[in-house]
Structure formats: C-alpha cells, structure tokens
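Colleague: Could you pick one part of this model and take me through it closely? I'd like one connected account that also says how that part sits in the rest.

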Amino acid sequence: MKITVYAVGRMKTGPEKQLADRYFERFAKSGPAVGLEFAGIAETAEGRAQSASERRREEGQKLQTHLQPGTALMLLDERGKNLSSEEFAGRIGLWRDGGRKALVIAIGGADGHDQPLRDQADLMVSFGALTWPHQLVRVMLGEQLYRTATILSGHPYHRS
C-alpha cells in the first residue's frame, strides 16, 4: 500500500525538517518489508481566501485531486480519535490487508479541514487535545509511521 502525506503549508529548512525527514526516511526503508511504501509528501500552499471556511474549502478541493478511487483517507484533526500506536498501526494494517492500494494522510492548514472532507474521511486522528505547530505534527507523524512499520514487523523498537 502506498502512503502519501498531504500537507497544507511548506516545511522550512531547520531542525524540525531534519527530524521529520529522518523519520520518513526510516519509514521508507522499513515499510516495504510489511507492504507499506512511502510515496512521499505532497505540499500545497495555504488557501488565500478571505474567510476560514473559504480557505478550508479551497484546501480541501486541492486535496481531492490526490484521492483516487479506493484510496483510504486519514485526516489529522483535533476532533479525531486519540489512538494508541498499536491502534494506529492496526488500522493501517487492516487497510493494507483489506486490499487498499493507497492511503493519504492529510495535515490541514491553520483553519483545519473542510466538513465535506471530514465526512469523506475513513478515519480522523488526533495527536491529543493540544494544538501542535505544523512542523511538529510532521515529526510526530513520521515517527508514528516508522513505529507502525516496526509494530507490524514485530521489531522491538516499539515496547508496549
């Protein structure tokens, strides 16, 4: 299953980008052994509309172009489910084993995700009730994807 991270906003050079890249590289190397291929990060600029709802709609429409039929959609959203790492890995494993060819994990802009996109999502995940900067969300997502590969392979990186 190909996994693409779709992110509203661009990651600037710095320590956060280096750390995120490190985890995504680890995932890219370890994922194929368990049937997960890292297809990369698709970045898009934040919407330019005047209102938050218009920006969310504009950003959601851009994301739609990355969704092919049968692609699982996971949104990172503060209203999403707070999953354990095992549950996160298990859900990805279920999609993989169920024949899904692709997964898009979307990090929304500052205004969040548009309601039609939330309605379409297969899963909405929260990294907690706190608000996180976009750069740190990428680091945490990269680490969780690497952890997913280790959990699914039985590697001792994840100790539960």
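Modeller: A quick word on terms: helices here are DSSP runs of H or I with at least four residues, strands are E runs of at least two, and both are numbered from the N terminus. Keep in mind that this is a predicted model. On that count, the protein chain has five helices and five strands. Read from the N terminus, the elements go β-α-β-α-β-α-β-α-β-α. The radius of gyration is 15 Å, close to the 15 Å of the globule rule for 160 residues, so the chain is as compact as a globular protein of that length. Its C-alpha trace spans about 50 × 35 × 25 Å along the principal axes. Buried residues account for 46% of the 160. As for contacts between residues at least 6 apart in sequence, 84% of them join residues at least 24 apart.

The part I'd pick is the sheet. It is an open one of five strands, ordered β2-β1-β4-β3-β5, and the pairing is parallel. At the edges sit β2 (37-44) and β5 (123-125), each of which pairs on one side only. Ignoring direction, neighbouring strands are turned by 30 degrees against each other on average.

Let's start with β1. Six of its seven residues are buried, so call that strand mostly covered. On one hand β1 pairs with β2, in the parallel sense and over seven bridges; lysine 2 has glutamate 37 of β2 as its bridge partner. On the other hand β1 (residues 2-8) pairs with β4 (residues 102-107), again in the parallel sense, over six bridges. In that pairing, alanine 7 stands opposite isoleucine 107 of β4. Helix α1 (residues 15-30) packs on the sheet here, touching β1 and β2, with its direction at about 145 degrees to that of β2.

Now over to β3, the strand that holds lysine 81. Setting aside neighbours within four places in sequence, lysine 81 is in contact with Leu123, Met124, Val125 and Ser126. Lysine 81 and leucine 123 are 42 residues apart in sequence, yet their C-alpha atoms are 8.0 Å apart in space.

Next, the helices around these strands. Helix α3 (residues 85-97) lies across β1, β3 (72-81), β4 and β5, and runs at about 155 degrees to β3. Its length checks out: 13 residues at 1.5 Å a residue should span 18 Å, and the end C-alpha atoms are 18 Å apart, which agrees. Which residues of α3 are buried? They are Ser85, Phe88, Ala89, Ile92, Gly93 and Trp95. Those residues cover an arc of only 160 degrees around the axis, which puts them on the same side of α3. Leu94 and Asp97, by contrast, are exposed on the other side. The cover over the buried residues of α3 includes β1, β3, β4, β5 and α5. Just past the helix, glycine 99 has a positive phi of about 95 degrees.

Helix α2 (residues 52-64) can be read the same way. Its 13 residues should span 18 Å at 1.5 Å a residue, and with end C-alpha atoms 18 Å apart the model agrees. The buried residues of α2 are Arg55, Glu59, Gly60 and Leu63. Since their arc around the axis is only 130 degrees, they are on the same side of α2. What they pack against is β1, β3, β4 and α4 (115-120).

That leaves α5 (residues 134-153), which you met above as part of the cover over α3. With 20 residues at 1.5 Å each, α5 should span 28 Å; the end C-alpha atoms are 29 Å apart, which agrees. Is α5 enclosed or open to the outside? Buried here means under 20% relative accessible area. By that cut-off 14 of its 20 residues are buried, so α5 is largely enclosed by the rest of the structure. Glycine 154 follows α5, and its phi is positive, near 80 degrees.

Putting the part back together: β1 pairs with β2 over seven bridges and with β4 over six. α1 touches β1 and β2, α3 lies across β1, β3, β4 and β5, and the buried residues of α2 pack against β1, β3, β4 and α4.

Notes. Residues are numbered from 1 along each chain as its sequence is written. This is a predicted model: local features need pLDDT of at least 70, side-chain atom pairs count only at pLDDT 80 or more; totals for chains, interfaces and linings use all residues. Side-chain values use heavy atoms; hydrogens and water are left out. The expected span of a helix is 1.5 Å times one less than its number of residues. Buried means under 20% relative accessible area, exposed over 50%, partly exposed in between (1.4 Å probe, protein chains only). Two strands pair if DSSP finds at least two bridges between them. Axes are lines fitted to C-alpha atoms, for helices over the stretch in contact, and angles run from 0 to 180 degrees between N-to-C directions. Contact means heavy atoms within 4.5 Å. The arc is that of the directions from the helix axis to the C-beta atoms. The radius of gyration is taken over C-alpha atoms; the globule rule is 2.2 Å times the number of residues to the power 0.38.
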